[in-house]
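This report describes one protein model for a reader who is new to structural analysis. The sequence and the structure should be kept in view while reading.

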Amino acid sequence: MKYHFQTAEELIKLTKRHNVPISEIAKLYESQRSGNAISTIRNKMKLTRDFMYKAVKTGIKSNKKSIMGISGGDAQKIYESLKNLKRMMGNKVTIRAMAYALAVSEQNARMGRIVAFPTAGGAGVVPGVLFSSAEHFKAGKRKLLRGLFCASAVGLIIAEGSTISAAKGGCQAEVGSAVAMAAAGLTEMRGGTPEQCFDASAIAFKSYLGLACDPLAGLVEVPCIKRNAIGCMNAIGASDMAMAGVQSYVPFDEVVRAARDIGRTMPRTIKETALGGLAITPTGNRVKKKLGLRITREL
Ligand code: SF4
């Protein structure tokens, strides 16, 4: 296939050959793969963008708790802090990104509609980073679409070369992948080169290698929701580094291979089983008890 790619190296070569950004190749690839016209692909992504936006806007306004009552209302708190930035260390972009990411992830915990991008567990990072940055740059909807297409291409490479499943690769596969995707998408939106996009992705992804998937009672709430917020800070930081000319010493494709290897050797207890890490702390076990789940051990 003319626009097929499995690695960052192949994708970068395609961008050079056709003299277009990553987002354009992502679109052409998807059109070729699915047999749909480019306009259809674009419209589907517009729909994705609009659903993401709705989840952000609904989540920001809601202080409703999740069914288990262990999450909800934090998005609103951090969003409110924008009114008094003097008290905060982050700037408008990072605080807003965290608020948006929390909003989407809290909506997920409330069983609201979100876009799994690439998964439900990591769904807050990309909208958090891209929507907040777009507001900052006063970027139009088209630029936001470019960010989303670019992020998708990165997600595809991770899914093919490693995994986006927490059951296979721990949280590096969910929040880690989302952060790598957001870092690249933001970098393209800022006018970064394809190489800079992958430097940002590699820098971001490296920080998540080996991250345990250890949610309390197996619910995608704690620590998942706040990991999405912190993930935004990492993605923005990685993009800043790449835009300043910092390169990843280990190329992105090698980071993906490392993620695959780590996923394979990770213990089962920290791969979405709720049998290790935070899930078996006294707090984690209390949540398990509330749900009537069996306590296996406690830290
Ligand atoms: S801890 Fe597990 S369930 Fe939660 S976001 Fe990470 S991978 Fe998903």
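## Loops, helices and the ligand shell

Lys138 is located in the loop that runs between helix 6 and helix 7. The model in which this residue appears is a predicted one. The phi angle of Lys138 is near 55 degrees, a positive value in a residue other than glycine. Is Lys138 buried or exposed? Lys138 is exposed, because 7 other C-beta atoms lie within 10 Å, and a residue counts as exposed at 12 or fewer.

Met111 also has a positive phi, near 70 degrees, and is likewise a residue other than glycine. Met111 belongs to the loop between helix 5 and helix 6. With 9 other C-beta atoms within 10 Å, Met111 is exposed.

The loop between helix 5 and helix 6 also holds Pro118. The peptide bond that leads from Phe117 to Pro118 is cis, and its omega is near 10 degrees. A second cis peptide bond joins Val222 to Pro223, again with omega near 10 degrees. Pro223 is placed in the loop between helix 10 (194-206) and helix 11.

The backbone angles discussed so far are collected below.

| Residue or bond | Angle | Value |
|---|---|---|
| Met111 | phi | near 70 degrees |
| Lys138 | phi | near 55 degrees |
| Phe117 to Pro118 | omega | near 10 degrees |
| Val222 to Pro223 | omega | near 10 degrees |

### The overall fold

The protein contains 13 helices and 0 strands. Its radius of gyration is 19 Å, close to the 19 Å that the globule rule gives for 299 residues, so the protein is as compact as a globular protein of that length. Along the principal axes, the C-alpha trace spans about 60 × 45 × 40 Å. Of the 299 residues, 51% count as buried. Among contacts between residues at least 6 apart in sequence, 75% join residues at least 24 apart.

### Helix 3 and helix 6

Helix 3 covers residues 38-61, which amounts to 24 residues. From its first C-alpha to its last, helix 3 reaches 35 Å, close to the 34 Å expected at 1.5 Å a residue. The buried residues of helix 3 include Ile41, Met45, Arg49 and Met52. Against which helices do the buried residues of helix 3 pack? They pack against helix 2 (22-34), helix 4 (74-80), helix 5 (92-109), helix 6 (125-137) and helix 7 (141-161).

Helix 6 has 13 residues, which should span 18 Å at 1.5 Å a residue; the end C-alpha atoms of helix 6 are 18 Å apart, which agrees. Among the buried residues of helix 6 are Val125, Pro127, Leu130 and Phe131. The buried residues of helix 6 pack against helix 3, helix 5, helix 7, helix 9 and helix 11. Lys138, the residue with which this account began, follows helix 6.

Leu130 has its place in helix 6. Why does Leu130 count as buried? Leu130 counts as buried because it has 31 C-beta neighbours inside 10 Å, and the threshold for a buried residue is 20 or more. Leaving aside neighbours within four places in sequence, Leu130 is in contact with Leu144, Gly147, Leu148, Ala182, Gly185, Leu186 and Met189. Leu130 and Ile38 are 92 residues apart along the chain, and their C-alpha atoms are separated by 22 Å.

### The nonpolar core

The largest nonpolar core has 92 residues, of which Val179, Ala182 and Ala235 touch the most other members. Helix 9 gives the most to this core, with 12 residues. When neighbours within four places in sequence are left aside, the contacts of Val179 are Val125, Ala204, Phe205, Tyr208, Gly231, Asn234 and Ala235.

### The surroundings of the ligand

Which of the 13 residues around the ligand come nearest? Gly121, Ala166, Cys171, Cys213 and Cys224 do so. By class, the shell around the ligand has 7 nonpolar, 2 polar and 4 charged residues. Helix 9 (171-189) and helix 11 (224-243) each supply at least two residues of this shell. The largest share, 3 residues, comes from helix 9. Helix 9 thus appears in two parts of this account: it gives the most to the largest nonpolar core, and it supplies the largest share of the shell around the ligand.

Note on methods: Residues are numbered from 1 along each chain as its sequence is written. This is a predicted model: local features need pLDDT of at least 70, side-chain atom pairs count only at pLDDT 80 or more; totals for chains, interfaces and linings use all residues. A residue is near a molecule or strand if its C-beta atom, placed from the backbone, lies within 6 Å of it. Helices (H or I, at least four residues) and strands (E, at least two) are DSSP runs, numbered from the N terminus. Ala, Val, Leu, Ile, Met, Phe, Trp, Tyr, Cys and Pro count as nonpolar, Asp, Glu, Lys and Arg as charged, and the others, Gly among them, as polar. A nonpolar core is a set of buried Ala, Val, Leu, Ile, Met, Phe, Trp, Tyr and Cys residues joined through C-beta atoms within 7 Å. Two residues are in contact if their C-beta atoms, placed from the backbone, lie within 7 Å. The expected span of a helix is 1.5 Å times one less than its number of residues. The radius of gyration is taken over C-alpha atoms; the globule rule is 2.2 Å times the number of residues to the power 0.38.
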